[in-house]
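Please show the structure and go through its sheet and its cores with questions and answers.

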Amino acid sequence: MTRYIDVNDVSKLVQEVGVTRVLASMASYIEQDYRRWHTFEKTARLASHSTDGVIELMPTSDAKLYSFKYVNGHPKNTKADLLTVMAFGVLADVDTGYPLLLSEMTLTTAIRTAATSALFARFLARPDSRSMALIGNGAQSEFQAIAFHEMLGIEEIRVFDVDPAATGKLVRNLAPYKGLRIIRSESTAEAVRGADIVTTVTADKTNATILTPDMIEDGMHINAVGGDCPGKTELHADVLRRASVVVEYEPQTRIEGDIQQLSADFPVVEFHRIVSGEKKGREFPSQVTVFDSVGFALEDFSALRYLHAVARERRIGIELDLIPAPQDPKDLFGLAIGTGQHEVARPSLALRA
């Protein structure tokens, strides 16, 4: 049987476990999988682009488990009261091909993106970082803020969005988090001035210039989340040229990240080399670092692996009769016309990490 987790199940999980613990646990799973980078099949995601958005498939496998995520990005959706990003995913057993988990991944993607941001920042930002500018206050902003507060000790977040209502929503949602000071800013420049970390998470599908070279200060870490498809960027090219740039999977980021603006020989470092100790995340305190985040399939694999484990432990979700189970596996036709027998109960496939 396949376990099915819907939006309500993930919401229940976050409420029962707590958003901070879920973020930290997911970050731990992601770090574990980056540490075994060479065990994974890797490919840039498969994208179908349209004028207003993109639909993507993100597959990977470690030879024991296989996963994929279906995800979209349509910035204009909010004008019709629809989500900009939505997703679902599958985790399957490689030996049999049977699906273990079918899960919503809209909420999950927001959580895993924030967990990934904070994980990378632990290796790239200055250890004494206490302030962050958050540019773009939409659907993913609260998750980013809470992740950096809980995992890196960020105490002050300066927020700005071209939509004041989005900022108001963010301020209200973060009000219960004591020890986190939220400061409204009138512009991007005002928000980033003096910040230790700058997170950009804007949604417009355009080559925007959210951060310019004059805004960048020595020692900053830039968490560039919003540039994630061809023709969609947030950073001026000279910001990248000044910095040490870290990516998830270089072949994908060359196409989709902010570095799409630069030549193919512009130097970047894949994060797995930093986690393994092969490279340093930060060479010296005044160095500017950039995480050119686009989202990679390994992170969704980790998220699905976490969801499957915790859902089984807490009995969240339902067992779904998704795959036919005729008594005679060669008699699928009999099952279709009602003469064959269907075995509802069957041994559960074990999750193998």
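The questions below deal with the sheet, then the cores.

This is a predicted model, where local features need pLDDT of at least 70, side-chain atom pairs count only at pLDDT 80 or more, and totals for chains, interfaces and linings use all residues. Residues are numbered from 1 along each chain as its sequence is written, and side-chain values use heavy atoms, without hydrogens and water.

Q: Which strands are the edge strands of the open sheet of 7 strands?
A: Strands are DSSP runs of E, at least two residues, numbered from the N terminus, and two of them pair if DSSP finds at least two bridges between them. The order is S2-S3-S4-S5-S6-S1-S17, with mixed pairing. Pairing on one side only marks the edge strands, S2 (46-49) and S17 (318-320).

Q: Which residue in S5 stands opposite tyrosine 70?
A: Strands S4 (residues 65-73) and S5 (residues 87-93) run antiparallel and are joined by 7 bridges. Opposite tyrosine 70 in S5 is phenylalanine 88.

Q: Where does the largest nonpolar core lie with respect to domain 1 and domain 2?
A: A nonpolar core is a set of buried (under 20% relative accessible area, 1.4 Å probe, protein chains only) Ala, Val, Leu, Ile, Met, Phe, Trp, Tyr and Cys residues joined through side-chain atoms within 4.5 Å. The largest has 68 residues, and Tyr34 and Phe271 are among those touching the most other members. Domain bounds come from an automatic or database domain assignment. Domain 1 (2-107 + 299-337) and domain 2 (117-294) both give residues to this core, so it lies between them.

Q: How many residues does the second, separate core have?
A: Its members include Ala195, Ala243, Val268 and Val288. The count for this second core is 27 residues.

Conventions
Helices (H or I, at least four residues) and strands (E, at least two) are DSSP runs, numbered from the N terminus. Buried means under 20% relative accessible area, exposed over 50%, partly exposed in between (1.4 Å probe, protein chains only).
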